[in-house]
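User: Please take me through this protein chain. Start with the overall fold and finish at the annotated site.

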Amino acid sequence: MTVSARGETLAFPGGFVWGAATAAYQIEGAARDDGRGPSIWDTFSHTPGRTAGGHTGDEACDHYHRYVGDVRMMAELGLGAYRFSVAWPRIQPSGSGPANAAGLDFYDRLVDELLAADIAPYVTLYHWDLPQALEDLGGWTNRDTAYRFADYTRAVHDRLGDRVGTWMTINEPWVAAVLGYGIGVHAPGRASAAEAFRASHHLLLAHGLGARVLREAGAREIALTLNLAPVITPGQVSDPDLVPSAEDAEAVNRVDCLINRQFLDPALRGSYPEPVLAIMDRVGGLGHIRDGDLEAINQPVDLLGINYYTPCVVRSEPGEPSNAAYPGTEDILFSGAHAPTTAMGWAIVPTGLSQLLTRLSRDYPEVGLLVTENGAAFDDVVTGDQVHDTDRTAFFEGHLRAAHAAIEAGSDLRGFLVWSLLDNFEWAEGYDKRFGIVHVDFETQRRLPKDSALWYREVIRHNGLHRERVRRPTLEAVAARAGVSRSTVSRVINGEDTVSDEFRAIVLNAVNELGYVPNSAARSLVTRRTDSIALVVSDSPSEAHADDPLFSAIVRSATRYLEEAGKRVTLMLADSAEGRLRVERYAASGHLDGVVLNSTLSSDPLPAALARTGIPVVSLGRPAVSVPSSYADIDNAGGAASAVRHLLARGRRRIAAIAGPPDTIAAQDRLRGYREALRDTGHRSIIAVGDLTLASGADAMRQLLRDDPALDAVFVAGDLMAIGALRVLSESGRRVPDDVAIAGFDDIEAASHTVPALTTVRAPRADQARAAVRLLLRQIDGGPASSTILPTELVIREST
Ligand code: FCB
């Protein structure tokens, strides 16, 4: 295998495997279909308080019924391999005995579908969904479970072995044992260090017995998949070559033995590391390790599967008590890394992967390496039908560069599988943590490839990454060719008019001759511009926004206008204290030219905080009065007033209002417009409040009818609420508009389809976005901070 830097790509070896991974319980759903028995994850997730939001895998991505479409999508992304796990409880619903043919059928169909799409099936036999019946007999603390696993392995291989070449026995025995039996945050939820060590050993034994079954049955490639983490000191996060103190080195070694070598050594060398035996002995004795076990565990394997997410950062700290997940780690401090983190809070350290791969090839040279999982959860935002997950792409790019570096240094890495193909049930974190390169809308089960998936497709197509153009001509080269200074060249390139026409012509000539392309980084040094803009969405849950057509329209337009102006746009969420801090830090870091801010709550602290950083900020919508800031808004008050005046002109006298959430500025302005329009007429105001949803509009309408059964018109500060109100009016027998006229706000698509069609106030959202972008660009160019309010238009339909 050779690695070459072909032209512009950082090429991976020929035959390098590109793929994606998933696990049964995380995606399949269909928890009771075709005779599937319960697993420990069904029990655990259905136990109140165990998973975030009480989420379960009952439906997950419904992959069990949607696998055909999912495989088609994999083919479109160009995947060469797909690693999935078989659910033991589908094959043996009660953990032992004859195989359930219907359960095997599903994987049979899946494998055929994959092969037809030219995707190699990589089968994981155990990804944590132990049949509950076996747990009732002691689960992994019971030695017998390892033998049951060997039987189950045989049953699966009997059915799929003619078509599946690559087999993984156990996924991450450390996690299964320690999180499941040691600290109880995963199924089955037990918390005993002694039980965790027993479980680890039996999981290893299961691996060995299973590997033997597979070997005897003629499997082509057999692997064990481990969660491996380079153990490093805080100083090594940024400087991997730093030599630690003797005390720190001892701390590193002890933790490395527990998390990595406790599994690597028995499986690949046939022995436990001494420090592990000592700790195990102290915690619960060594009685569970029987003669012959280590030989049984140490089966020849073809591949070591590596799941890498983040390093383990430790240092010596006398007096520190032992960490519950790492028994025997007295006097060791597990510290965070000073590095950016993912939504899981895991530090992003790509060099950890090259370190790990290099070390494995050095210490265990006989086994080939495969990254079976690498990936990241971020708070994705769906923009129309796109997900611009730049953080995730950057994560993969960094880790692939690290993998490439390790290959160049001699590591025998054969492939890379991203975690994960789909957003899925992230165990105790439920559905909130999204790891997919494909977005899943869990309401509709719609799949949407994120930008990272499209990027990955290109990586696969090129068998590598685009390398920075190394040989492109530099600014210095242009200066030398033209016989002028660097500063003259940059002034010409940046369009400054301080260079004479004669020199300008000479410079441009040299630029053309050399084919010079201005490098944005170099240019930003000169212009002090980064050409980066953050589009910040503040104070609203992303899910609500994702479904809100007005919101996506505004984000889409703002992005488009900024990109047309040559700016790079980063979409950032600031709906938590942490998110706000990230935005503030980023804004203050000098990496941004400006911010377009979508903030709706009057109490949002972000506008004021951003104003303090001094960088240009334009808000989409008027910010709270206390913040001196530039904004582009629509005329909320004027729009509301025009609707109310229209109702008055139609002869209505008892005009009620359904207002939006009182803590949002737009709702306050619309209510003000309603009041102003009524004030001059002497009619009194009657107000109910909703939260912009249809149901809240219905509730508010019911309340208004109770408060004033004689009302003859309603102004509603949002079309969805107006639709809810319309329903209640018709339920209560009021004819619209004869008895009660009704007008909404926003002119959403549905407003023209109600019966009768809804009179409403149309807000020019795209124009608002364009105006905000213009204001921002002007400020970036040194112009004054100013604001604009765009007029709205009353669209009169049958409801008034
Ligand atoms: C690994 C698991 C996988 C997924 C990722 C985020 O530990 O193997 O199922 O949860 O972490």
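What follows is a short set of questions and answers.

Analyst: This is a predicted model, where local features need pLDDT of at least 70, side-chain atom pairs count only at pLDDT 80 or more, and totals for chains, interfaces and linings use all residues. Residues are numbered from 1 along each chain as its sequence is written, and side-chain values use heavy atoms, leaving out hydrogens and water.

User: How many helices and strands are in the protein chain?
Analyst: Both are DSSP runs: helices are H or I of at least four residues, strands E of at least two, numbered from the N terminus. The protein chain holds 29 helices and 29 strands.

User: Why does the protein chain count as compact as a globular protein of that length?
Analyst: The globule rule is 2.2 Å times the number of residues to the power 0.38, and the radius of gyration is taken over C-alpha atoms. For 800 residues the rule gives 28 Å, so the protein chain is that compact because its radius of gyration is close to this, at 31 Å.

User: Which residue does UniProt list for "active site"?
Analyst: The listing comes from an unreviewed entry. UniProt annotations may be inferred rather than shown by experiment; positions follow the numbering used here, with feature names shortened. The residue lies in strand 11, residues 368-373. UniProt lists E373.

User: Is E373 buried or exposed?
Analyst: Buried means under 20% relative accessible area, exposed over 50%, partly exposed in between (1.4 Å probe, protein chains only). Contact means heavy atoms within 4.5 Å. Not counting residues up to four places away in sequence, E373 touches several residues, including R83, H127, E172 and W419. Its relative accessibility is 4%, so E373 is buried.
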